Structure formats: structure tokens, C-alpha cells
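Biologist: Could you take me through this model and show me how each label is earned? I would like to see the reasoning behind the words.

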Amino acid sequence: MGRLLFIRSIEGRILAGITMFVGMMILVGWVAINEEARMQAFVRQHNGRSIERGAELFASLCAECHGEEGYGADNRAPGLNNPHLFGFDPVGLQTAAITNANRALVRLNKDTDRLVVELTDAENPPSAERQNEIIAEVEALETQIEEQQAAIEAAVAERIEILGTLDKAVDNGLFPQWESIEDSDRTADNEVEVFFNTNGTRLSQVGWAGDLHGYVVTTLIHGRPGSARVYPSGTGMAAWSQTAGGPLRQDQIEDLAAYILNYDKGANWTTEDFLAVAQYGKPLADGSLPTEPPPPPAGDDVLGILARWDADEIVGSPVSGELLYDAEFGCTDCHRNGASAPDTVGTFTRISTERLTLPQFTGYSVEQYLVESITRPGDYVVDSYSSGLMPTNFGVRMTDQQLADIVSFLLTQE
Amino acid sequence: MTILPFPSFLDDVKEKGFKKAVFEGIDDSVERLTAGLNVQDLREAFRGESASRRPNPRLTPHADGFWLHMRPSYFNRDVTGMYPTFRLGWLSSYFVFFETITGILLMLWYTPSPEIAYGDMLTILSNVPLGQLMRDMHRLGAEFMVAVVALHMMRTWITGSYKKPRQFTWFSGLILLVITGFLSFSGYLLPWDQLSLWAVTIGASMAEATPVVGDQVNLLLRGAPELGANGLLRFYLLHVLALPALLFVFFGVHYYKVVIHGHSLPPKKENIGEDSAKRVPLDKRVYFIPDMLTYEMFWLGATTFIITVLCIWFYHAPLENHADPQVTPLGTTAPWYFLWIQGALKLGDKFFWGVAFPTIALGGLALLPYLDVTPSRRFAHRRFMLTIAMLLVSVSTVLSYMGLAKFAVQTSAETEIVHELTFEPAHSKVGIGRTIPFDQMIVGAYTTAQTHHQDDMSTNDMIARINAETAANGQFDQMIQELKNQHLGANQLPLRFRSVPADEAPKLMQVMQEFAHHLEDVPEELPNVWGALVITDNQGGLKRLDWVVSWDTVLIEGGNVQLDEAGEPSLVYATEQVAMTDSEGNPVLGDDGEAVMEEVPVLDEDGNPVPARRIYSDHLFIHQASAYFD
């Protein structure tokens, strides 16, 4: 080692130094050449992990209303695992085919008329040779006209069939205004076409001019204040972003959007996929999804919570409280051994014999102390523990009942 | 004649001829640039010949030039070898400049704001060519720098180089050590990921324990009760402005003192009580030009090459999820060089171990040269101080070990085990549960009970028996209820366990075996345990993995399993509420006319009490493109 680091001759050192330097430059150059591929791989990987984090957020925050599998729920929220949202428009495809065929028909008829005029021109009659040519051309055009008419008939039949398979989805709220034209002749003029131009996809239906990502992100940030009108028994979608007063950071909003956009099946959507989704929160035809809105969160108004417990006769269950404490809210991750937070064991005893003797807790009941500690953990931190460690959002995450369950569990910890 | 007021190159050409004028012009320029060496001098120097001019032109750059005026013009041959310096001082200086350069490059892509900082990290990794390499180098250089500076201090202690007249050199070096620690620590926060937020939260909370001003210090440092926008900005300014400025000032002071007193010789090379570093005999002189200069150029190339190789193949700076003050990750630790304080904190009082103890330790180090005033630097005469040095090394090693999350901070066994299997990538490690290749995550519910294989039973029979048992005793339904609570879709809930398809999914099999081993390792905390892994499709390219642990509840107090007289863990038995009956079997009614309920133990068919069954679950999602398994 010493021999290697202390090369005796000056030229040896110069040579070794230059070799090392050139070697380093070659390595860096080699890395630089591969950077494009590495960065692309990183973007793919990051997008994958973003979807994973979004899935986590969706399961804990969104699944309650939008359904665990994104199919939406009765009278609560629309499905997101939804071909309509992703712009899959099978009726529109057929309508477009009909329109194209109609345009071709117009052109073919014009061509035919022109030839007929030429053929029947009395002042300037075509030569015999030209007459034969025209007759042949007209016959060819008539064949084409028949082909286009057959195409229209096929597309119309296809459209009727598709609309038939979508009946259940329409019942589920797919096209709210469909009834207004349902009875009109579906093959007639362009009424159906106009309808699907403005209703065929979710974005056209709500008149959104941007792309789907922007629509999803905007909805996540600001919520849907107006959705309470569509879902009479629901509460409307809350604003989720911190910029709009919600709980989520911008990167979490992006994670959620990445997850929601990952429902897209692209070319693989089928009309069957429409049937599983609650479109506008209407009850599903088989009524299989729950109808109860989620109970409101407890909040952090300690006395208000206690008053509601009395008024609504909410009684906590220590058994479910323990489950919530251990698993759902993970309290035991920290409240164990007293290393990073006070031990769960002995909570009641400590509160009743030590904490409540402190001057600032004069007049507190053990319940009040516990509710305050859970919903407003920053108000008082026991000496020898760090402040700011306990999340401050339990009040938003728990319902009155859950909070009461946990408090009644803690009351058993003597 | 020229029109210019001074002689020009053209005059030279007229006077001497073109060739001579050019050569002399070049020679002149080289001599100006090197502050004293002309082409001939350089040629001689790099050929290893002695200088032909007198006075020796190789000394002039040290006397006249700016860059070399701080460097000694010659060294004693006894200090140029590996021993006694191990090049640690040189390496420390190297890292100061290395970190400055890589740091400035990273500053181009960084904004110190909680909304942007993490996104900047992603940009550096996803959209800046060589960005990842630069970040890896800066981070690895920082870790090396802390280690090298600490080793440099140990070396100085061991060779007794802090002794008179170098007391203040030692003291300034100690200040540099502290600044290095804080520089590294303040840089820790900047990526604004979970790792940085929580490591710094823990570190900064130590300041809280300072008496009287603790809260104020903490507030000044964090800018708010919790680390946020102000805290990040403060740490950033500390990292790029205040601390580097201090570092460069004390770096100058320290090196000035080193040169003033000369590099201390190996202890046995000088007489006891004598400092002969500045008296270098002629035959021992190694001149900076050309010997040390070429050495340093070589080391510069070699060290940078090694770091480049390490950062390409062996080291990547960690980046965890976005910082989230609401989610405390399991097993948070301070950076490794502060682990000793974290370990000490587990010994007891926060003020004593978190503030007083480090202060006393640093104070003791600062005073070392003034306390140890014995004249001899020979190892044989310094047994006491060398013992103290070794004690210091041992104590900080033990304390650092105690600082690790696995020491004395026990989360419940089931949480630990599932975390061990599923933790997200951190420090180049990842939970094995995430490394199952995507096509081996075959949808189904699998149980570790399958691995309790018995010779006389086929796997399928085994699974059938497990399914029958868990259905009969309600444990399967308990799992289903737990999965529902965790928002697993109603259509996704498994109907029964199936056997692990070991042929198609060997990695899945391996993970299940690992899961089983972990569960069997803690029979006291988790009696009669089984684990389950439920794999479901969530979206295209996205699977959900639910990890479930089910076991008989045991009494745990203060983190310890309570044992009964037989030495077996004390079980908690299930109870149920039933209507109380009197001796004739009629329900007892209360004052309100309602049946009075009583709590009675649940008994099995044989009349034995049934242990209360506990269940725990956690889930994660794996996307096809996440590449945890690459």
C-alpha cells in the first residue's frame, strides 16, 4: 500500500496521476452517455412509486366514497374506474362512422348528379364513347353508394345494440339527459350525434377544455362544492389540497392523480366496463352498494365533542377501542415502553393521580383530558417527551364513535 | 521605433529575430505565471534534476506567489511517508474543496422551500445529466469528510502531536471537527425527505434540553415549533453560508499554525521534550517543487477516481419519501456520527446525556493539551493518555450501537416483523417483501402455516386442514374483518388459503418462509401464531399485498411478556357478555327491566378457556414499474 501511494519517481507519479485523471474522465463520460436511459428509467420507477403512494392515499381517504375498486357508491360519489371518465365512447365511435358515411354519400350523390347532367345535356351531347364512359362511372358510383348505405345501416344497428347493452349504465346515471331524446328516432338526422358530442365523455359533459390530468388534479385540489346538489344525501367533495384548506400536500395530490389516471385501460375498455360503475352516484340497478354517508369527523373542539357524546348518547366500546388503538390508528407504534411517548399501560392511573393534579387541568375529567390529548396533542406535552411528534390530525381522522371507543379503552389502562 | 510608450514584442523581434523573441516571450510568461520558474526550471524540476540556477528558483513561488505562500517550501522526509500522518490532514482539506465544488453544482438545482425542495431532488435525479452522480459524490464526500476529520483527530492524539507548542493547532482543529459535524448535519435536512426530516427533528430536539434557553435555541434553529419553511431556509443558509465561512476561516487558522510549527515528527525521531520539526537537516529535505507537488497531483487524481468508482457502482445517496410531519417512520435514527448522543440519551436524563455529556466530552477534548502537559511524546511514556484514547473509541462505538433503533426501543413484535419484510428503500436496503418480481405476485391468500409441513401430509392436504381449522375457530373470519377495515374491496376478499405456487413463484415462497421464520423467532410474544399474505389485483400493473399476523394474546407489561409459574407466557382469555342467570336459570333483571349482563370467559367444547385472538395487518401496493427488485 505504502509503495503504491508513494511512487518513488516523479515521472511515475505524473504518469499515474494523469492515468487516474483520464480514467475518471472516461468513467464520467461513460456515465454521461448512459444518463438519458438512466433518467428515463428513474421517471418510470418514480411514476410507479407515485402510483403506489397514491393507492395508499386512495385506500385511506377516497375509497370510503369512491369505492375500494373505484366503482363509486350510491348517492355518494361517482365511479373513477370508469370508461366514461377516460373518454372511451363506443356510441361516439359508431356515430362518427355514420357521419363519415353520410358525408361520403353526399359527395357520391353530387358526383352522380354531375355525370347525369353531362349525359342529358341536350345542347352539347357527349360522344358515344363518352356516353359509355359516363354510364360505367355512374354504375361504379351506385355500387359505392350502396356500400356506404350498408355501412350506415350496420353502424346504426351496432349503435342500437351498444345503447341496448348500456341500458343498465344509463340507469346508473351514465347520460343524465338521455331520456329527452331517447324516444326520438335514433337513426334520424344528427340529434344523437349532437348529444354524444356533448355527453360522450365526462370531460365533454362537464365542458372541461383541458386534459384529464388537469381535471383530476383540479378536482382534488378544490373539491366539488356543487356536488352536494347531485348527491342530495352526501356532503359534497371536500377540498383536499393544503392550498385550498385541505390536508394533502401538492406531491400527495399528484400521487393520487397518478393513481386515478392509472385506472385507464386505454384501448382495452369495453362496454361491459360501463355497467359496473355508479356514474353519477345513482343507485346501482342491483342496489349492491352501501347508501349510508360516512359519519362526520370528530374535530378538535374538546368540549363540543364531549357535549355531543352526551347529547347523542355515544358510548365507547373498549374492545373496538383497543382494535382502533392498536391497528387502525397505530397508537402503539409510539405509546409503548414510554421510550418515545407515554406508555399505554397505566394511562388512566397516571392521568387521575398525576396529570389532573396540575394547576392547568383543574376541573378536567379524565375523558376531557384524553379527548384533548388526542385531538389537540400540541396543547400539553408531558415533560421529558418531545413536542411535535404526535400527529395533530387525529380529530379529522376519527369519528365521534371511534374517539369514544379509544377513550373508553384507555380508561381501562390502569 | 514603436509608437507605444513601452518596448513592444515587435521591438524584440526587430532586435533579436523572430524565433528568439518568441521563445523569450514564452519563457517570460511562464515565469510570471509560476511566480519564479521559467521553462528550463520546470523541465529540470519534473525530470528530477537539481536546479541549475542559483539562487534556487524552486523556492521563489513560495516567497513571491499567492497560491504557494502558505505551503512550506520543503518537508522533513520523516513526515512524508504513510506514517505518521496517514495523509488524513491532506484528505480533510481535499474534502473541503471537493464538497465546495460539488455543493455549488448542486445549488444550481436547489430551492430551499418545503414545497419545492423534494421536487428539486427528483429533478436532479430525473432531468439533470450527471445530477445523480453529483449528488452521490457530495453525499459520499460528506460522510468521508466526517470520518476523515475524526480519524485525523485520533491520529493527532495517538502521536501526541497536540503537545507544546501545538496546543492551539489542536484547539482550532477541534473547532473544525465540530463545524464539519454541523455542516454534514445541516445538509442532511435539505432533500426534505422522511429520512432527513426525522433525523434532524431528533437531532434538533436535543437542543431543547439545554437549561433556561433550550426552547429559545430550538426555536431559533427551527424557525417555528415544528420544522417547516423557516427551519429549512435556516438550515440551508447555515449549510451554504454561515458554516462554510466559519470553516474556511478556521481552516486558514489551522493550516497557518501547522506551517508555523512545522509538521510534528514521529515521536521516536526527536528527543524527549524537544520540538525539532522546524530544523530540517539538508539531507532530509523533500522539496515541495517538484516532489510534494507531484505527490499531491497524483493523490488528487487517485482519490477523485476512487470516489467516482464508488459513486458509480457502490453508493447512491438515499432519497426516501417526501417529508411528512404527520407520519413518524419506524426506527428513526440520527445521522451515524451523532448516534453516540442518541445512544447516550437512552441512558437517562435528557439534559445530562443530551447536552451536558457532549459538552463535557468536547470541553475535555479542547482542554486536552493543557491538561496533559507531560513532555514526552513517546508511546511508552503515554500509556495513560493512550488508554483514554482507546476508551474514547470504545465508548463512542458502544454508545453509537446503543443509538441504533434496534437497541432498547422495542416496537411490538408483529409490527417489527411486518416492517422488516416491507420497509421502503433506505440506506441501500429494502424489505424483502417488496422484491418479489411482479409476475410472481400471484393473486391469492397464502399462510405461513403451510411451512409447518408434516411428512405424512401433502401440501394440499395441509392447506385443506388449515382452511378447515381457521374457518372453525373463526380466525379466518377475523382476518377478513381486518382486511375489510383496511379497505380491501369486497370483491377482493379471499375465500380461503391456497398453497404457495412454489414452482411459478420461488421468490414468493422464499418471502413466505422468511415471514414464517421471523414469526417463529418470538414464540413468547406471539404464541400459536400464523401469518398470511393476501395478494390482490388493484389496477392494471398494480397489486396490493396485505400482511396479516394472527396470534394468542399474551400479557405484556412495560414491553415484557409476563410469564406464569410454569415459565409459559401468560395468555389473555377471551370473554363474552351474556345475560346473567340466577340459580334456576332465569335471567336476572335490573331495575330498568333490562337483563343484567355479565362478562364470562369463552369456553371451548372441552370446557377450557379460549385465548383471545389478536390480529394485526399492514398493506402495501407494488407497481410493475417500481423496480424494487432490479
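Biologist: How many residues of domain 1 of chain B are in contact with residues of domain 2 of chain B?

Modeller: A word first: this is a predicted model. In it, 5 residues of domain 1 of chain B are in contact with 6 residues of domain 2 of chain B. The assignment gives domain 1 as 82–277 + 313–403 and domain 2 as 413–569 + 611–626.

Biologist: What area is buried between domain 1 of chain B and domain 2 of chain B?

Modeller: About 510 Å², with 51% of that area from carbon and sulfur atoms. On the side of domain 1 of chain B, E320(B), N321(B) and L330(B) lose the most area, together 66% of what that side buries. The centres of these two domains are 43 Å apart, taken over C-alpha atoms.

Biologist: How many salt bridges does the rule find across the interface of domain 1 of chain B and domain 2 of chain B?

Modeller: The count there is 0 salt bridges. The rule does find 1 residue pair in polar contact, both at pLDDT 80 or more. By class, the touching side of domain 1 of chain B has 3 nonpolar, 1 polar and 1 charged residues.

Biologist: On to chain A, then. Why is the pair D255(A) and R53(A) called a salt bridge?

Modeller: The closest N and O atoms of D255(A) and R53(A) are 3.1 Å apart. The cut-off is 4 Å, so the pair qualifies. D255(A) sits in helix 11 (residues 250–261) and R53(A) in helix 2 (residues 10–66), 202 residues apart.

Biologist: Why is D255(A) called buried?

Modeller: Its relative accessible area is 5%. Buried means under 20%, so D255(A) earns the word.

Biologist: What makes E118(A) and R130(A) a salt bridge, and why do they count as partly exposed?

Modeller: Their closest N and O atoms are 3.0 Å apart, and the limit is 4 Å, so the pair passes. E118(A) belongs to helix 3 (residues 90–119) and R130(A) to helix 4 (residues 128–165) of chain A. As for accessibility, E118(A) has 29% and R130(A) has 22%. Partly exposed lies between 20% and 50%, so both residues take that label. E118(A) and R130(A) are also linked with E133(A) and E137(A) in a network of salt bridges.

Biologist: R249(A) forms a salt bridge with D251(A). Why is R249(A) called buried and D251(A) partly exposed?

Modeller: R249(A) has a relative accessible area of 15%, while D251(A) has 22%. The line between the two labels is drawn at 20%, so R249(A) is buried and D251(A) is partly exposed.

Biologist: Now the two chains together. How many residues does the contact take from chain A and from chain B?

Modeller: Chain A contributes 61 residues and chain B 76 residues. The area buried between the chains is about 5900 Å², and carbon and sulfur atoms give 58% of it. In chain A, F6(A), R13(A) and E52(A) lose the most area to chain B, together 11% of what that side buries.

Biologist: How do you know that D291(B) and R13(A) meet in a salt bridge?

Modeller: The N to O distance between their side chains is 3.1 Å. With the cut-off at 4 Å, the pair therefore counts. Between chain A and chain B the count is 3 salt bridges, along with 19 residue pairs in polar contact.

Biologist: Which helix gives the most to the side of chain A that touches chain B?

Modeller: Helix 2 of chain A does, with 32 residues. The residues of that side divide into 27 nonpolar, 14 polar and 20 charged.

Methods:
Residues numbered from 1 in each chain as written. Chains lettered and ligands numbered in written order. Predicted model: local features only at pLDDT ≥ 70, side-chain atom pairs only at ≥ 80, totals over all residues. Heavy atoms only, no water. Domains from an automatic or database assignment. Contact = heavy atoms within 4.5 Å. Buried area = accessible area lost by both parts, 1.4 Å probe. Polar contact = N/O pair within 3.5 Å; in protein donor to acceptor, adjacent residues only side chain to side chain. Nonpolar A, V, L, I, M, F, W, Y, C, P; charged D, E, K, R; others polar. Helix = DSSP H or I, 4+ residues; strand = E, 2+ residues; numbered from the N terminus. Buried < 20%, exposed > 50% of the residue type's maximum accessible area, 1.4 Å probe, protein only.
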